[in-house]
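This report goes through side-chain interactions in one protein chain. Salt bridges come first, then the nonpolar core, a polar contact and the aromatic pairs.

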Amino acid sequence: MQSSLSSQFASEARTGRDNQNYDAHSARQVAGCVAIDTKTQRVLLVKSSKHAHVWVLPKGGWEKDETIEEAAARETYEEGGVCGDIKGLIGEYMDYDKYEQPKTHFYFYEMHVTEILDQWPEMRPRQWLTFDEALHTLRFKPNYQTILKRSSLALTQRKT
């Protein structure tokens, strides 16, 4: 009997930034996923932890005891309650502070979802959207839109 992919992750979300990776410019390293349910051709968005009415791609800090791909998968599990196969890096971007200094370096991977859980560590609200619905929902997040447009879902669902 094959074990669940979710069993590789802790039942509680990691917290704190003591174990997180920073680059030479002190920019925090963050990994996330464009999580695609290949059966329904929909993408996962989760509610932001900072802004109540904002939907985002699941992401979070890359920690020192894991690879960046493992961090992307773990954060997607913790925030969105899904597991799957990482297919590859589809985009990255840098966020800067008000002094134009590097603040956060984001890396996004495409994940093909193989398991959707009923219970997960953060239990954030989540929604499954078509490509066009997700693009509209992320209209105030241009970096997320750019990442989404680089996913395989863009090739199969995008309206012209």
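## Salt bridges

A salt bridge is taken here as a side-chain nitrogen of Lys or Arg within 4 Å of a carboxyl oxygen of Asp or Glu. The model is predicted, and by this rule it holds six salt bridges. In general, side chains of opposite charge can pair when their charged atoms come close.

Glu-78 and Arg-74 form one such bridge, with the closest N and O atoms 3.3 Å apart. Glu-78 and Arg-74 are four residues apart in helix H1 (residues 68-80), so about one helical turn separates them. Both Glu-78 and Arg-74 are buried. Bridges that share partners join Glu-66, Arg-74, Glu-75 and Glu-78 into one network.

## Other bridges of Arg-74

Which residue forms a salt bridge with Arg-74 at a closest N and O separation of 2.6 Å? The partner is Glu-66, and Glu-66 is buried, as is Arg-74. Arg-74 also meets Glu-75 through their side chains in a salt bridge, at 2.9 Å from N to O. Glu-75 is buried too, as is Arg-74.

## Nonpolar core

In soluble globular proteins, nonpolar side chains tend to be buried together. The largest nonpolar core in this model comprises 37 residues. Val-34 and Leu-148 have the most contacts inside this core.

What does Val-34 touch beyond its neighbours within four places in sequence? Its contacts there are Val-43, Leu-57, Ile-90, Tyr-109, Glu-110, Met-111, Ile-147, Leu-148 and Ser-151. Leu-148, the other residue named for its contacts inside the core, is thus among the contacts of Val-34.

## Gln-145 in helix H3

Gln-145 is located in helix H3 (residues 142-149). Its relative accessible area is 16%; because the limit for buried is under 20%, Gln-145 counts as buried.

A polar atom of the Gln-145 side chain lies 2.8 Å from the backbone oxygen of Leu-135. Leaving aside neighbours within four places in sequence, Gln-145 is in contact with Leu-135, Leu-138 and Arg-139. Leu-135 therefore appears both in the polar approach and in the list of contacts, while Gln-145 itself is buried.

## Aromatic pairs

There are four aromatic pairs in the structure. For Trp-62 and Tyr-107, the ring centres are 6.4 Å apart and the planes stand at 85°, so this pair is edge-to-face. Trp-62 is in the loop between strand S4 (59-61) and H1, whereas Tyr-107 belongs to strand S6 (residues 102-116); the pair links distant parts of the chain, 45 residues apart. Tyr-107 is buried, at a relative accessible area of 14%.

Is the pair of Tyr-93 and Phe-106 stacked or edge-to-face? The ring centres lie 4.7 Å apart with the planes at 20°, and planes under 30 degrees apart count as stacked, so the pair is stacked. Tyr-93 is part of strand S5 (residues 82-96) and Phe-106 of strand S6, so the pair ties together parts 13 residues apart in sequence. Both rings belong to buried residues: Tyr-93 has a relative accessible area of 15%, and Phe-106 has a relative accessibility of 10%. Ring pairs also link Tyr-93, Phe-106, Phe-108 and Tyr-144 into a cluster.

Technical notes
Residues numbered from 1 in each chain as written. Predicted model: local features only at pLDDT ≥ 70, side-chain atom pairs only at ≥ 80, totals over all residues. Heavy atoms only, no water. Buried < 20%, exposed > 50% of the residue type's maximum accessible area, 1.4 Å probe, protein only. Helix = DSSP H or I, 4+ residues; strand = E, 2+ residues; numbered from the N terminus. Core = buried A, V, L, I, M, F, W, Y, C linked by side-chain atoms within 4.5 Å. Contact = heavy atoms within 4.5 Å. Polar contact = N/O pair within 3.5 Å; in protein donor to acceptor, adjacent residues only side chain to side chain. Phe/Tyr/Trp six-rings, centres within 6.5 Å; stacked < 30°, edge-to-face > 60°.
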